[in-house]
Amino acid sequence: MDLVEYQGKQYFARYGLPISPGEAADTVAEAQAAAGRLGYPVVVKAQVQTGGRGKAGGVKLAADGAELTEHAGNILGLDIKGHIVRRLWIEKATDIAREYYASFTLDRSAKLHLSMVSARGGVEIETVAEEDPEAIARLHVNPLDGLSSEAAAELVARAGLDPEAREGAAEILVKLYECYIDGDADLVEINPLVLTTDGEVRVLDAKVTLDDDAAFRHPEWAEMDIMSEATERERLAKSKGLSYIALDGSVGIIANGAGLAMSTVDVVSQVGGSAANFLDVGGAADVQVMANALEVINSDPSVRSILVNIFGGIVRCDDVARGIVKALEEVDISSQIVLRLDGTNALEAHRIIDETASDKIISEGTMLSAARRAVELASVPGPQGGAK
Ligand code: GDP
Ligand code: MN
């Protein structure tokens, strides 16, 4: 689970890392109120799950209310690498003297944690990594030993951080390691870690990936408001016994068997569409399972058509058809459903579907034609694909 910056900062704050005061805002008015409380100048920052926001115009300094209104208005709704900005983080601006980089992640091949620190942080770190890898100091950390203050101090010195920043940076590194380990993160990255003109070292950006499988021992994650909408849906699906993974396209997919579900995702992209999810209903695609699957997919606002691709081996297609009919009775499904049913009892299944005569369901004979139809429906403009 990837956190957006302000969620990452909330998580850092629990471990005592120095972050600047700030507030989340979803509208220009909220941004104004937040800036009023924080005091100008502030930074207006797009909250999307991707880096490079600065270069894309998603990070702007505002010296007063007029500038804030302008920047907040421009950034809300901005498309940054396919992510539409719906939330801002308004932060009290920092006077930056130097920008550094610090991170922890797991080095799987070394079977050790890896810390990377550089004196050349900021928006060009990728270029530095490519053109001048020597400028990034590395340290492997054995989880049994942990990271000592001495090792952290040695690392920041080796990275060439300015002498006046070393003590603060080493302290931050020790806390960051604790946060990475105790917080069950797969990645924690600070870029930039800054030296301020007042000689303080602070965290100005946060990139955090948490290990979803550790959620059971972190009840505080729920309080921190870090569950994305997609993660919530994954949890709903899990509670219903479905194996569901949220993706970012617009065609909802239901298939039986992981192999068929993956091929269905592939065929949808082959014909120019994109899948909204991977969902394998498994070997027990009975009435209730189908109804649950449709309910989960229907709760995803980006779904504009649903493709059901079932091959009846052990699963009986007539059960699947009954499940869909039942789901349509129970849940108000917003999208049209394109159905490809083949195999055991397929004829009976088609009879059941024909009998319902619902204009929500379209039957197609092959996986390819079904995928084409679903993609076509998903590209129809309007709040939801297809006729309502
Ligand atoms: P990213 O581009 O998505 O990594 O977003 P960052 O949060 O790293 O911001 C990009 C750049 O904006 C930073 O490298 C800083 O140079 C600048 N920036 C961010 N916050 C501040 C601030 O408080 N004051 C100033 N002067 N610049 C900032
Ligand atoms: Mn950054």
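**Figure 1. The two faces of strand 14 in the predicted model**. Strand 14 (residues 243–246) turns Y244 and A246 to its covered face, while S243 and I245 lie on the uncovered one. In a regular strand the side chains alternate between the two faces of the sheet. Strand 14 runs antiparallel to strand 16 (residues 277–280), and 4 bridges join the two. Across this pairing, Y244 stands opposite L279 of strand 16. Strands are DSSP runs of E with at least two residues, helices are runs of H or I with at least four, and both are numbered from the N terminus. Two strands count as paired if DSSP finds at least two bridges between them.

**Figure 2. The crossing of helix 10 and helix 11**. The axes of helix 10 (residues 287–298) and helix 11 (residues 317–330) come within 7 Å and cross at roughly 50°, which makes helix 10 oblique to helix 11. Oblique covers the angles left over when those under 35 degrees are called roughly parallel, those over 145 roughly antiparallel and those from 65 to 115 roughly perpendicular. Axes are lines fitted to C-alpha atoms, for helices over the stretch in contact, and angles between N-to-C directions run from 0 to 180 degrees. The crossing is right-handed, a term for a near helix turned clockwise from the far one by less than a right angle. Helix 10 contributes V287, Q288, M290, A291 and L294 to the contact, and helix 11 contributes D319, V320, R322, G323, I324, K326, A327 and E330. Contact means heavy atoms within 4.5 Å.

**Figure 3. The open sheet of 4 strands and the helices that pack on it**. The strand order is 2-7-3-4, with antiparallel pairing. Strand 2 (22–25) and strand 4 (59–62) stand at the edges; each has a single partner strand, so one side of each is left without a neighbour in the sheet. From one strand to the next the twist averages 20°. Strand 3 (residues 42–46) and strand 4 are linked by 4 bridges in the antiparallel sense, with V43 partnered by L61 of strand 4. Helix 3 (residues 65–75) touches strand 3, strand 4 and strand 7, and its direction makes about 165° with that of strand 4. Helix 1 (residues 5–14) lies across strand 2, strand 3 and strand 7 (88–92), at about 50° to strand 7.

**Notes to all views.** In this predicted model, local features need pLDDT of at least 70 and side-chain atom pairs pLDDT 80 or more, whereas totals for chains, interfaces and linings use all residues. Residues are numbered from 1 along each chain as its sequence is written, chains are lettered from A and ligands numbered from 1 in the order in which they are written, and side-chain values use heavy atoms, without hydrogens and water.

Methods: Buried < 20%, exposed > 50% of the residue type's maximum accessible area, 1.4 Å probe, protein only.
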